Amino acid sequence: GQQTSILGVADMLSERLVNLFMPGADGEGRPALRLNEKMAKDPHFKDNILFYEHFHGDSGRGVGASHQTGWTGLVAKMIQARGVAHDAAASPSKIQRQVSF
C-alpha cells in the first residue's frame with residue numbers, strides 16, 4: 001500500500017470516478033458507455049454522456065437509471081474542479097474562475 005493524506009485519497013477517488021466518463025486510451029470509448037457501441041463510437045453520440053446511478057465494478061459500465069441528477073451529478077463538479085486545478089498549475093496568474101461546491 002501507499003500512504004497518503006485524506007486529500008490525496010479524495011483526489012484518487014475523484015480521478016477514478018471522472019475516468020469512467022473520459023474517453024479510454026484504448027480507443028474503445030468511455031468505460032461507462034463502452035458496451036453500447038453507438039454511444040461509445042458513433043461520432044453523433046459519443047460525446048453525449050449519460051450519468052448512471054450505478055457502475056459495474058469490473059468494467060465501469062454504467063447501469064441503472066441514466067440521468068444527470070443525484071450523486072453522479074457531482075462528476076461535473078469534479079471535472080470542473082480538476083480542470084481549474086490543472087489550469088492553475090499551468091498558469092496561476094491567469095486563473096479568474098472560482099469553483100464553488
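Select Arg30 to begin. In this predicted model, Arg30 counts as buried because its relative accessibility is 9%, below the 20% limit used for that class. Now add Asp47 to the selection. Arg30 and Asp47 form a salt bridge, and their closest N and O atoms are 2.8 Å apart. Arg30 sits in the loop between α1 and α2, while Asp47 sits in the loop between α2 and β1 (52–55), so this pair ties together parts that are 17 residues apart in sequence. Is Asp47 buried or exposed? Asp47 counts as exposed, at 53% relative accessibility.

**The other salt bridges**

The count of salt bridges comes to 3. For another of them, select Glu28 and Lys41, whose closest N and O atoms are 3.2 Å apart. This pair links distant parts of the chain: Glu28 is in the loop between α1 and α2 (37–41), and Lys41 is in helix α2, 13 residues apart. Glu28 is partly exposed, with a relative accessible area of 35%. Lys41 is also partly exposed, at 41%.

Then select Asp26 and Arg34. They form a salt bridge with the closest N and O atoms 3.4 Å apart. Arg34 counts as partly exposed at 29% relative accessibility.

**Helix α1**

Select residues 6–19, which make up helix α1. What span should its 14 residues have? At 1.5 Å a residue the helix should span 20 Å, and its end C-alpha atoms are 20 Å apart, which agrees.

Within α1, colour Gly8, Ser14, Leu17 and Val18, which are buried. Stop at Ser14, which counts as buried at 12% relative accessibility. Leaving aside neighbours within four places in sequence, Ser14 is in contact with Met78 and Arg82.

Now select Leu13, also in helix α1. Leu13 counts as exposed, with 53% relative accessibility. Add Ile6, Leu7, Val9 and Met12: with Leu13 they form a nonpolar patch on the surface, and together they have about 530 Å² of accessible area.

**The nonpolar core**

Which residues make up the largest nonpolar core? Select Leu17, Leu20, Phe21, Ala32, Phe51 and Val75, its 6 residues. Leu17 has already appeared among the buried residues of α1. Next, centre the view on Leu20. Not counting residues up to four places away in sequence, Leu20 touches Arg30, Pro31, Ala32, Phe55 and Gly60. Among these is Arg30, the starting point of the tour and the salt-bridge partner of Asp47.

**Strand β2**

Move to residues 62–66, strand β2, and pick Gly64. Gly64 is exposed, with a relative accessible area of 54%. Which residues does Gly64 contact, leaving aside neighbours within four places in sequence? They are Tyr52 and His54. To check a distance in the viewer, select the C-alpha atoms of Gly64 and Glu53: the two residues are 11 residues apart in sequence and 5.8 Å apart in space.

**The whole chain**

Finally, clear the selection and show the whole chain. Its secondary structure comes to 3 helices and 2 strands, and from the N terminus on the elements run α-α-β-β-α. Buried residues make up 21% of the 101 residues. Show the surface next: the accessible area is about 7300 Å², and 55% of that belongs to carbon and sulfur atoms. Of the contacts between residues at least 6 apart in sequence, 25% join residues at least 24 apart.

Terms used:
Residues are numbered from 1 along each chain as its sequence is written. This is a predicted model: local features need pLDDT of at least 70, side-chain atom pairs count only at pLDDT 80 or more; totals for chains, interfaces and linings use all residues. Side-chain values use heavy atoms; hydrogens and water are left out. Helices (H or I, at least four residues) and strands (E, at least two) are DSSP runs, numbered from the N terminus. Buried means under 20% relative accessible area, exposed over 50%, partly exposed in between (1.4 Å probe, protein chains only). Contact means heavy atoms within 4.5 Å. Accessible areas come from the Shrake-Rupley method with a 1.4 Å probe; for residues, only the protein chains shown count as cover. The expected span of a helix is 1.5 Å times one less than its number of residues. A nonpolar core is a set of buried Ala, Val, Leu, Ile, Met, Phe, Trp, Tyr and Cys residues joined through side-chain atoms within 4.5 Å. Patches are made of residues with over 30% relative accessible area and no salt bridge: like charges are joined within 9 Å, nonpolar side chains (Val, Leu, Ile, Met, Phe, Trp, Tyr) within 5 Å. A salt bridge is a side-chain nitrogen of Lys or Arg within 4 Å of a carboxyl oxygen of Asp or Glu.
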